[in-house]
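This briefing is meant to be read with the sequence and the 3D view side by side. Please look through both before going on to the points below.

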Amino acid sequence: MDENMKNLTSMDDEEIEQAKAEAKKAQDLFTLKFRKPFTYESVEYDELQFDFESLTGNDSLQIEAEINRTGQQVAVPAFSGEFIVRMAARACTAPIGHDAMRLMSMRDWHRLRARARNFLMASEL
């Protein structure tokens with residue numbers, strides 16, 4: 001039996017479940033690969049990952065409250081650029097805010113916005 005097969009057969013149920021959970025998590029993450037590296041606060045990013053599935057109802061309410069404090073209103077979150085930019089910042093696994101999202105190239109931002117909008121639209125079905 002080769003070494004890889006030994007490793008597979010020696011995994012216990014807990015390790016198998018953990019591996020399945022990690023694989024699912026990887027599927028839930030959206031990776032935005034920049035056409036050109038994106039620099040924010042002297043850090044260069046080739047890509048950013050977004051975990052929209054980790055967001056909660058509380059995140060949605062807090063985003064709306066933040067926007068309301070600016071004097072704007074959110075009628076339909078999926079069609080509000082301001083809601084989407086703040087949602088993307090919360091879903092981002094890197095510690096950057098919505099101000100960073102505004103500095104992305106338009107092409108990269110539109111790809112991210114489309115993914116975020118699709119997530120919101122699918123959740124309303």
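A crossing of two helices is called left-handed if the near helix is turned anticlockwise from the far one by less than a right angle, and right-handed if it is turned clockwise. With that wording in hand, one can say of this predicted model that α3 passes α4 in a right-handed crossing. The points below take up this helix pair, then the surroundings of α4, and then a hairpin of two strands.

**The helix pair α3 and α4**

- Helix α3 covers residues 57–69 and helix α4 covers residues 81–91, and the two pack at an angle of about 130°, with 10 Å between their axes.
- Angles of 65 to 115 degrees count as roughly perpendicular and those over 145 as roughly antiparallel, and α3 and α4 are therefore oblique to each other.
- On the α3 side, the residues that take part in the contact are Asp59, Ser60, Gln62, Ile63, Glu64, Glu66 and Ile67, and they meet Glu82, Phe83, Arg86, Met87 and Arg90 of α4.
- Sorted by character, the residues of this contact of α3 with α4 comprise 4 nonpolar, 2 polar and 6 charged.

**The surroundings of α4**

- Of the 11 residues of α4, 9 are buried, so this helix is largely enclosed by the rest of the structure.
- These buried residues are Glu82, Phe83, Ile84, Val85, Arg86, Met87, Ala88, Ala89 and Ala91.
- The elements against which the buried residues of α4 pack are β2, α3, α5 (98–101) and α6 (106–123).

**The hairpin of β1 and β2**

- Strand β1, made of residues 30–40, pairs with strand β2, made of residues 43–50, in the antiparallel sense and over 7 bridges.
- One of the pairings to look for is that of Phe38, whose bridge partner in β2 is Tyr45.
- The hairpin has 2 residues between its strands, and both Glu41 and Ser42 lie in the loop between β1 and β2.
- Glu41 has a phi near 45°, which is a positive value in a residue other than glycine, and the phi of Ser42, near 65°, is likewise positive in a residue that is not glycine.
- Are these loop residues buried or exposed? A residue counts as exposed when its relative accessible area is over 50%; Glu41, with a value of 63%, is therefore exposed, and Ser42, with a value of 75%, is exposed as well.

Conventions
Residues numbered from 1 in each chain as written. Predicted model: local features only at pLDDT ≥ 70, side-chain atom pairs only at ≥ 80, totals over all residues. Heavy atoms only, no water. Axes fitted to C-alpha atoms, helices over the stretch in contact; angles between N-to-C directions. Helix = DSSP H or I, 4+ residues; strand = E, 2+ residues; numbered from the N terminus. Parallel < 35°, antiparallel > 145°, perpendicular 65-115°, else oblique. Contact = heavy atoms within 4.5 Å. Nonpolar A, V, L, I, M, F, W, Y, C, P; charged D, E, K, R; others polar. Pairing = 2+ DSSP bridges. Buried < 20%, exposed > 50% of the residue type's maximum accessible area, 1.4 Å probe, protein only.
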